[in-house]
Amino acid sequence: MQHIEPKQAYDFLKQHPDAVFIDCRSEIEYFFVGHPVGAIHVAWNDGPDWAINPEFVAHVKKAADVTRPVVLICRSGNRSEDAGHALERAGFTEVYNVVHGFEGELDEKIGRAHV
């Protein structure tokens with residue numbers, strides 16, 4: 001798995017129209033916080049119990065075969081990293097994790113979404 005900064009992810013997606021962009025945050029985050037343009041929502045885990053989605057890999061396989069690039073994003077980059085490892089174990093060969101996620105890097109007050 002490769003870890004890329006948000007601006008790199010944006011450029012990568014523009015340069016690779018065959019890439020699939022997966023937002024693996026919860027449904028509430030996806031719909032109420034917002035989501036990146038062009039992202040497909042496949043939750044890695046979701047409420048109310050926050051269990052790992054046992055269908056995650058199967059849903060991603062519906063969007064892309066294992067040879068297509070997959071770019072993953074979550075809020076902070078942690079869930080997307082875990083989801084990326086699951087995709088690699090399932091045979092995906094080109095997986096990218098967006099570090100700092102949708103809401104950005106932590107600031108000096110340990111907050112996000114200010115940049």
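Tutor: Let's start with a term: a salt bridge is a side-chain nitrogen of Lys or Arg within 4 Å of a carboxyl oxygen of Asp or Glu. This is a predicted model, in which local features need pLDDT of at least 70, side-chain atom pairs count only at pLDDT 80 or more, and totals for chains, interfaces and linings use all residues. Residues are numbered from 1 along each chain as its sequence is written, and side-chain values use heavy atoms, with hydrogens and water left out.

Student: Okay, why is the pair of Asp23 and Arg25 called a salt bridge?

Tutor: Their closest N and O atoms are 2.7 Å apart. The limit is 4 Å, so the pair qualifies. The structure holds two salt bridges.

Student: What makes Asp23 and Arg25 buried or exposed?

Tutor: Buried means under 20% relative accessible area, exposed means over 50%, and partly exposed is in between (1.4 Å probe, protein chains only). Asp23 has 0% and Arg25 has 0%, so both count as buried.

Student: How do you know that Arg79 and Glu29 form a salt bridge?

Tutor: Check the gap again: the closest N and O atoms are 2.9 Å apart, and that is within 4 Å, so the name fits. This pair links distant parts of the chain, 50 residues apart, with Arg79 in helix H4 (residues 78–89) and Glu29 in helix H2 (residues 27–33). Helices (H or I, at least four residues) and strands (E, at least two) are DSSP runs, numbered from the N terminus.

Student: And what makes Arg79 and Glu29 count as buried?

Tutor: Arg79 has 18% relative accessibility and Glu29 has 14%. Buried means under 20%, so both make the cut.

Student: Helix H2 also holds Phe32. Why is Phe32 called exposed?

Tutor: Phe32 has a relative accessible area of 70%, and exposed means over 50%, so the word applies. Phe32 forms a nonpolar patch on the surface with Ile28 and Phe31.

Student: What makes a group like that a patch?

Tutor: Patches are made of residues with over 30% relative accessible area and no salt bridge; like charges are joined within 9 Å, nonpolar side chains (Val, Leu, Ile, Met, Phe, Trp, Tyr) within 5 Å. Phe32, at 70%, is over that 30%.

Student: What about Trp50, in the loop between S4 and S5? Why is Trp50 called partly exposed?

Tutor: Its relative accessible area is 45%. Partly exposed lies between the 20% and 50% limits, so 45% belongs there. Phi of Trp50 is near 60°, a positive value in a residue other than glycine. Most residues other than glycine have a negative phi, and most peptide bonds are trans.

Student: Which peptide bond is cis?

Tutor: The one joining Gly47 and Pro48, with omega about 10°. Pro48 is in the loop between strand S4 (45–46) and strand S5 (51–52).

Student: How do you know that Cys24 and Cys74 aren't in a disulfide?

Tutor: A disulfide is a pair of cysteine sulfur atoms within 2.5 Å. The sulfur of Cys74 is 5.0 Å from the closest cysteine sulfur, in Cys24, so that is too far for a bond. The structure holds zero disulfides.

Student: What makes Cys24 and Cys74 buried or exposed?

Tutor: Cys24 is at 0% relative accessibility and Cys74 is at 0% too. Buried means under 20%, so both count as buried.

Methods. Accessible areas come from the Shrake-Rupley method with a 1.4 Å probe; for residues, only the protein chains shown count as cover.
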